[in-house]
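Work through the exercises below with the sequence and the model open. Each task is followed by a solution in steps.

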Amino acid sequence: MDIDKLFKVPKLSAGVKRKLPDNPTPEMLKRMRSDGDVQVVDGSVDNVPPPVRRSAMVEDDGEESQDTSFAPGGDADYFAEEDEEGRFYGGGLTSQQKEILSIFERAEGGGFQGQVDEVTLPSIRRTLAQLERAVNKNQDQRSKYPNDPTKFIDSEADLDSAIKSLLPLAQSAVLAYPEIIRSGTVALLIGLLSHENVDIVIDAVELFNELTDEDAGNEGEDDEEREETQGALKALIDALVEHSILELLVDNLSRLDEAEESDRQGVFHIIGVFENILGFNPDLSEPLVAKTKMMTWLLDRIQSKTHDENRCYAAELLSILLQNNTQNRREFGKKDGVETLLKVLSQFRRREPVDADETEFMENLFDSLCSALSEPEIKSLFLASEGVDLIEKLQSRSRSIKTLDYAMSGSEGSEICSTFIEALGLKTLFSAFMGKQTSKKQKHGTSFQATEDASHILGIISSLFTNLPSDSSDRIRLLAKFVENNYEKVDKLLEMREHASNRLKAVDAEIEAEKKELLAEGAIEPGNEDLWYLQRLDGGLFTLQTVDYILAWIAMEDDGVRAHVTKMLERRSLTLENVRSTLQIYHSNIDADDSDGKNASGMSQKEILEHLMTFLQGCP
């Protein structure tokens, strides 16, 4: 089990699924108004005469007509409504306001018949049949009158309504999705992504975003129903992928002009579809990058000078694509992704993000970079792009430390370690290690920040001792940091060790209680031991191992440090044997085929641990 790699996976920022509000556009209002006097029944449109309006009449002897010019606020009903005693009230709306309200009421009551209160199999089939008729009619009229939009504009409006009528089906996934696949509607909808009218394309994209949402049909369901819903969603996503939805969606990104509000929402929904599909099946991230221009588009989009929600969403999708896929990371490197990210991050050298949205954007960029730095090729590109110098000088110290930890880890990080020392990074590193702040602004949340950064700071120090050549000037400068100021940094290490040890004792007590329960019920399964080890790592063992690894190095390389460590451990009723025991556990859980490579001295991590344990065993 490669524990180092297990704990080198950057965590993505968790958040609520992104949504955009559906704002009615002037075109929708005009369309509903023009459709107000038609009735759609089974896909056919019949002209229906407008209803006869009857108003209440107030008869007054001696007056044949009334002057309504002084009605308060222009109230259209001020003289048309009265109670039993003859008092007048009115509705409070002008004639124009009443007309607009009437348009919306007719749209809700009449409109397209695909939207029904109760979704049943017959209603689903009728809705899908209406969509097919609308698509065929629109295609027919467009082919007959390609140069005369007035001939097919009505069928386009019907097609728009037919697509929107499928939106409620997302709440009945188990019933609707198999029928969508069986009826061939998937191919029909995919075909709409190539429609000449970009508004129809946007309608289809919005529909795909709703149908593939992970929460589709999951509200108020029990586990069994949720499992059925997930099965239906899997079948739909498989069908969509089979019909090349990934490639078609990427192609449409270049068609949309984000200067237009509707197109901006279209881009948002396209990214949403990708997030939905990858959230359900992460393996599709590789073909998405390999078969399309997705990576190029994302790298271009995050470089936009204007920050908006789509730019932030693009950064989030990039972090998802790079999180656990080696091929995507390599493609990212080939597209100059490292240079691009460093260029975008450089804007934060002198300032912090202005709001929560820009903070999320920055964090997604750091997550993307940290994921990519797991590959040796990316480390080389990071070094060539002077990433060490840039990252070390960013205002966001916490994210910088995290990024440097990923960059310097492993044998491939040796050159980056040397560059870090040359860039005078030790001063910044140990300032953070000792909890010192560089500005008043950073003092807020100091305790939390120190806890968050601790593992990454220890990771950097551990990588420095592993990768810097013996007797080199860089290594001597590193060791001198632990000697200066009366071994204050050694004392800090011992404090961190004690804290991690106390956390681990509490976790060990919980594990022992769980073991007793399992023994009382039956035998302990082999897999339990691995789970308990992971639980211990998360509960303080990982920090304890890293601290003891550093303590062993400095004790072996400096007699004064060793004497101080021994004295301070004795005050806690401990010895260097306790440090050796921790390293033994570390050594036992490193895979025999550890591919972490060899350090500057030609030793693997397992061999280094054996060397350190041998030294500690011989200490008095």
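**Exercise 1. Two phenylalanines in one helix**

Task: Find where F430 and F433 lie in this predicted model, and state how their rings are arranged.

Solution.
- Step 1. Helix α22 spans residues 425-433 and holds both F430 and F433. The two are three residues apart, about one turn of the helix.
- Step 2. With a relative accessibility of 3%, F430 is buried, because buried means under 20%. F433, at 4%, is also buried.
- Step 3. F430 also pairs with F482: the ring centres are 5.5 Å apart and the planes stand at 90°, so this pair is edge-to-face. F430 belongs to helix α22 and F482 to helix α24 (residues 473-521), so the pair ties together parts that are 52 residues apart in sequence.
- Step 4. By the ring-pair rule, the count comes to seven aromatic pairs. F430 and F433 form one that is edge-to-face, at 5.9 Å centre to centre and 80° between the planes.
- Step 5. Ring pairs join F430, F433, F465, F482, Y549, W553 and Y586 into a cluster. A charged residue meets one of these rings: R475 lies over the face of W553, 4.7 Å from the ring centre.

**Exercise 2. Checking a helix**

Task: Compare the span of helix α17 with the expected value, and decide how far the helix is enclosed.

Solution.
- Step 1. Helix α17 runs over residues 356-372, which makes 17 residues. The expected span takes 1.5 Å times one less than the number of residues, and for α17 this should give 24 Å.
- Step 2. The end C-alpha atoms of α17 are 24 Å apart, which agrees.
- Step 3. Of the 17 residues in α17, 12 are buried, so the helix is largely enclosed by the rest of the structure. Among the buried ones are F361, M362, L365 and F366.
- Step 4. The cover over the buried residues of α17 includes α14 (309-322), α16 (337-345) and α20 (397-408).
- Step 5. At the N-terminal end, D355 acts as a cap for α17, with a side-chain oxygen 3.3 Å from the backbone nitrogen of D357.

**Exercise 3. Salt bridges**

Task: Sort the pairs R330 and E377, D559 and R562, and E488 and K489 by where their residues lie and how exposed they are.

Solution.
- Step 1. The total count is 26 salt bridges. R330 and E377 form one of them, at 3.1 Å from N to O. R330 sits in helix α15 and E377 in helix α18, so this pair ties together parts 47 residues apart in sequence.
- Step 2. R330 is partly exposed at 35% relative accessibility, and E377 is partly exposed at 37%.
- Step 3. D559 and R562 bring their closest N and O atoms to 2.8 Å. Both lie in helix α26 (residues 559-571), three residues apart, about one helical turn. D559 is exposed at 54%, while R562 is partly exposed at 21%.
- Step 4. E488 and K489 have their closest N and O atoms 3.2 Å apart. E488 is partly exposed at 24%, whereas K489 is buried at 4%.
- Step 5. E488 and K489 are also part of a salt-bridge network with K481 and E484.

**Exercise 4. A histidine in a loop**

Task: Is H195 buried or exposed, and what does its side chain reach?

Solution.
- Step 1. H195 is in the loop between α7 (185-191) and α8 (198-211).
- Step 2. Its relative accessible area is 7%, so H195 is buried.
- Step 3. The H195 side chain reaches the backbone nitrogen of N197 at 2.9 Å.
- Step 4. Beyond four places in sequence, the contacts of H195 include N138, R142, E156 and R255.

Methods. Residues numbered from 1 in each chain as written. Predicted model: local features only at pLDDT ≥ 70, side-chain atom pairs only at ≥ 80, totals over all residues. Heavy atoms only, no water. Helix = DSSP H or I, 4+ residues; strand = E, 2+ residues; numbered from the N terminus. Buried < 20%, exposed > 50% of the residue type's maximum accessible area, 1.4 Å probe, protein only. Polar contact = N/O pair within 3.5 Å; in protein donor to acceptor, adjacent residues only side chain to side chain. Contact = heavy atoms within 4.5 Å. Phe/Tyr/Trp six-rings, centres within 6.5 Å; stacked < 30°, edge-to-face > 60°. Lys NZ or Arg CZ within 6 Å of the ring centre and 35° of its normal. Salt bridge = Lys/Arg side-chain N within 4 Å of Asp/Glu carboxyl O.
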